[in-house]
Amino acid sequence: MTKSIIRKPGRTGGSPLLETGWVAARARMAGLPGGGLNIAHEAVDRHVIEGHGDQTALVWLGREGQRQSFSYADLATDAARFANVLRAQGIGPGERLFLLSGRVPQLFAATLGALKAGVVVSPLFAAFGPEPVRARMEIGQASVLVTTEVQYRRKIAEWRADMPSLKLVLIIGDTAPDGCIALGPAMAAAPTTSETVGTMPEDMALLHFTSGTTGLPKGVVHVHEAVVAHAETGRLALDLHPGDIYWCTADPGWVTGMSYGVISPLCNRVTMVVDEAEFDLDRWYTILERERVQVWYTAPTAIRMLMRAGSEAAKGRDFSALRFLASVGEPLNAECVIWGQQVLGLPFHDNWWQSETGGIMIANTADMDIKPGAMGKPLPGVEAGIVARDGDTVTEQPDGAIGELALRPGWPSMMRAYLGQPERYARCFAGGWYLTGDLAMRDSDGYYWFVGRADDLIKSSGHLIGPFEVESALIEHPAVAEAAVIGIPDETAGEVVKAFVTLNAGYEAGEALERELRGHARKRLGPAVAPREIVFRDSLPRTRSGKIMRRLLRARELGLPEGDLSTLEGDAR
Amino acid sequence: MTRDEIRAAFIADLTAVAPDIAPESLRDNDHLQDDLGLDSMDFLNLVSALHNRFGLPIPEADYPRLATTALAVTYLDQALAG
């Protein structure tokens with residue numbers, strides 16, 4: 001593992017020599033004039049107050065080739081207008097606003113405006129089907145939804161009347177269906193200034209959803225204090241400096257796109273590039289080149305797609321503006337790190353975090369030697385360990401041992417709750433540690449290496465998918481008696497979802513039914529979550545207590561040792 | 001192969017990858033990702049199916065030429081003729 005270390009001799013670190021640690025980072029926050037702390041104020045308003053209102057905050061690249069720039073002052077105005085729209089509609093602090101849209105400028109105005117109004121923001125991925133959307137909005141008790149007309153008609157209209165908490169639906173654009181309000185005219189009519197609500201550091205700000213192995217998705221609660229970590233980790237792990245041109249390819253519908261595609265870059269006063277379109281080889285290289293991107297934060301799946309095209313596709317391009325490349329989502333194999341160096345002239349820096357940590361915890365930073373494949377070392381202020389858990393007893397493991405990755409609680413962006421599920425939240429902590437659910441190993445140089453999940457969650461294109469949610473959707477189909485869902489390795493996505501189903505009497509296994517079931521799952525769940533492959537079985541392996549053994553299915557699928565089968569029911573062996 | 005045959009084959013591969021799409025509701029100018037909701041993994045799977053069916057290399061740089069059914073049929077027609 002050590003033979004391919006990428007050394008950075010002479011690199012003294014690109015970060016300004018600022019004191020590290022959370023206390024120092026907290027002291028760098030502006031705070032609200034009347035006391036309190038608010039993410040939107042740190043992200044936008046403070047820069048305007050400090051005289052940087054003319055600096056470009058956002059360069060938005062539309063699908064059809066449009067290019068629109070927004071200064072920090074523009075964003076502050078749009079956020080104020082949006083906050084005023086919410087107030088005019090009677091939406092108050094603490095209420096929950098959900099976002100369901102592609103990457104359009106209004107998404108940024110809505111996020112910042114809601115935070116400014118003390119309203120909690122919960123982003124949803126626009127490629128989710130109606131069921132994941134509805135489940136998350138129900139758990140989060142949505143008061144407001146900001147979406148597009150197409151999304152509304154496809155995913156919301158049918159069940160809107162069944163969700164009494166949902167008081168307001170704002171439609172991006174100039175027209176809106178019945179019962180909704182068009183955001184364009186509402187924003188245009190709203191006053192351009194708005195006093196930021198005096199949120200306190202421990203007031204809820206963000207609600208991110210993450211999948212569980214069993215049961216419903218979990219609503220991960222983050223507070224305004226999280227901004228301390230958003231700002232600091234962007235500086236430390238992504239090498240963000242004021243004025244940098246920065247492109248985060250993650251969608252704001254996921255936690256990376258919110259923490260590092262909206263909040264952290266704005267707090268660090270960079271110029272963000274946002275592309276509305278999906279991955280496209282030529283388009284991406286053109287954006288890097290033409291926009292003179294300096295810091296690029298992307299994901300292994302995207303890097304592998306660039307690699308598939310070969311280095312030829314990048315020939316003759318000018319990537320000289322690039323200064324720092326980072327990746328998150330799943331371990332970045334050595335080939336990807338080295339490919340970055342060969343084709344883009346810089347290695348990728350992998351880092352690790354999850355919805356619950358709210359921000360980057362472990363990283364290969366600018367001034368560190370990179371060990372390709374390793375997630376890096378804990379950032380200043382982060383104490384990590386590898387532990388073995390036995391009930392409530394947690395034992396730290398030595399270097400080289402595989403165990404669960406654990407963190408000492410107390411960093412500013414640590415989740416404060418799983419919304420409405422205190423027992424589930426409590427189960428994440430033991431022996432003074434937050435237990436991440438990821439298996440990892442620390443080497444003798446202090447680098448951490450991801451090994452796998454400690455549970456049955458599937459990691460596809462960097463996103464966690466809960467098998468239970470997929471199984472539930474499959475079982476809704478009249479043909480399906482039972483379903484088990486696992487992740488199988490995929491060279492591009494890391495893992496893809498595969499389902500095993502048994503059928504009810506009267507249904508015939510075959511290609512036609514396989515397609516019908518995949519179509520059914522895609523309609524309900526969306527393509528990012530639905531299985532890519534479904535196979536039929538006469539029975540599924542279960543424990544004596546009746547629990548389906550996904551792990552055994554996976555072991556069989558991959559030809560791995562099956563482990564202890566003593567608890568398995570006889571007929572399914 | 002005629003254009004109609006190519007079109008039928010393309011739609012067969014498309015709806016195999018994304019069986020939530022009803023062939024009869026498909027319009028030739030629907031954008032596969034923006035209008036029909038394919039994600040990038042779906043798109044790669046579609047390219048791979050087309051590659052296997054037609055025996056054609058489909059380089060990444062050509063992917064935008066498969067953005068709609070109409071574009072894809074033209075692209076495949078030209079590639080097969082070439």
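This is a short walk through a predicted two-chain model, from the contact between the chains to a sheet, a helix and a loop residue in chain A.

First, the conventions. Because the model is predicted, local features need pLDDT of at least 70 and side-chain atom pairs count only at pLDDT 80 or more, while totals for chains, interfaces and linings use all residues. Residues are numbered from 1 along each chain as its sequence is written, and chains are lettered from A and ligands numbered from 1 in the order in which they are written.

On confidence: ipTM is 0.91 and pTM is 0.88. Chain B has a mean pLDDT of 94, with 100% of its residues at 70 or more; pLDDT is the predictor's confidence in each residue, from 0 to 100.

Now the contact between the chains. Chain A puts in 23 residues and chain B 17, where contact means C-beta atoms, placed from the backbone, within 7 Å. On the chain B side, helix α2 (residues 40–54) gives the most, with four residues. Helices here are DSSP runs of H or I, at least four residues, and strands are runs of E, at least two, numbered from the N terminus. By class, that side of chain B has nine nonpolar, three polar and five charged residues. Nonpolar means Ala, Val, Leu, Ile, Met, Phe, Trp, Tyr, Cys and Pro; charged means Asp, Glu, Lys and Arg; the others, Gly among them, are polar.

Next, the sheet in chain A. Nine strands form an open, mixed sheet, in the order β2-β1-β11-β10-β12-β13-β14-β15-β16; a pair needs at least two DSSP bridges. The edges are β2 (67–71) and β16 (377–378), each with a single partner, so one side of each has no neighbour in the sheet. Inside it, β1 (residues 56–61) and β11 (residues 271–275) of chain A run parallel, joined by four bridges. A:Trp60 stands opposite A:Val274 in β11(A).

Then helix α16 (residues 550–558) of chain A. A:Arg550, A:Leu552 and A:Leu553 are buried there, that is, with 20 or more other C-beta atoms within 10 Å of their own; 12 or fewer is exposed, and in between is partly exposed. The buried residues of α16(A) pack against α14 (467–475), β26 (480–490) and β27 (494–503) of chain A. Just after α16(A), A:Gly559 takes a positive phi of about 70°.

Last, A:Arg416, in the loop between β19 (402–407) and β20 (417–418) of chain A. Is this residue buried or exposed? A:Arg416 is partly exposed, with 18 other C-beta atoms within 10 Å. Leaving aside neighbours within four places in sequence, A:Arg416 is in contact with A:Val221, A:His222 and A:Val223.
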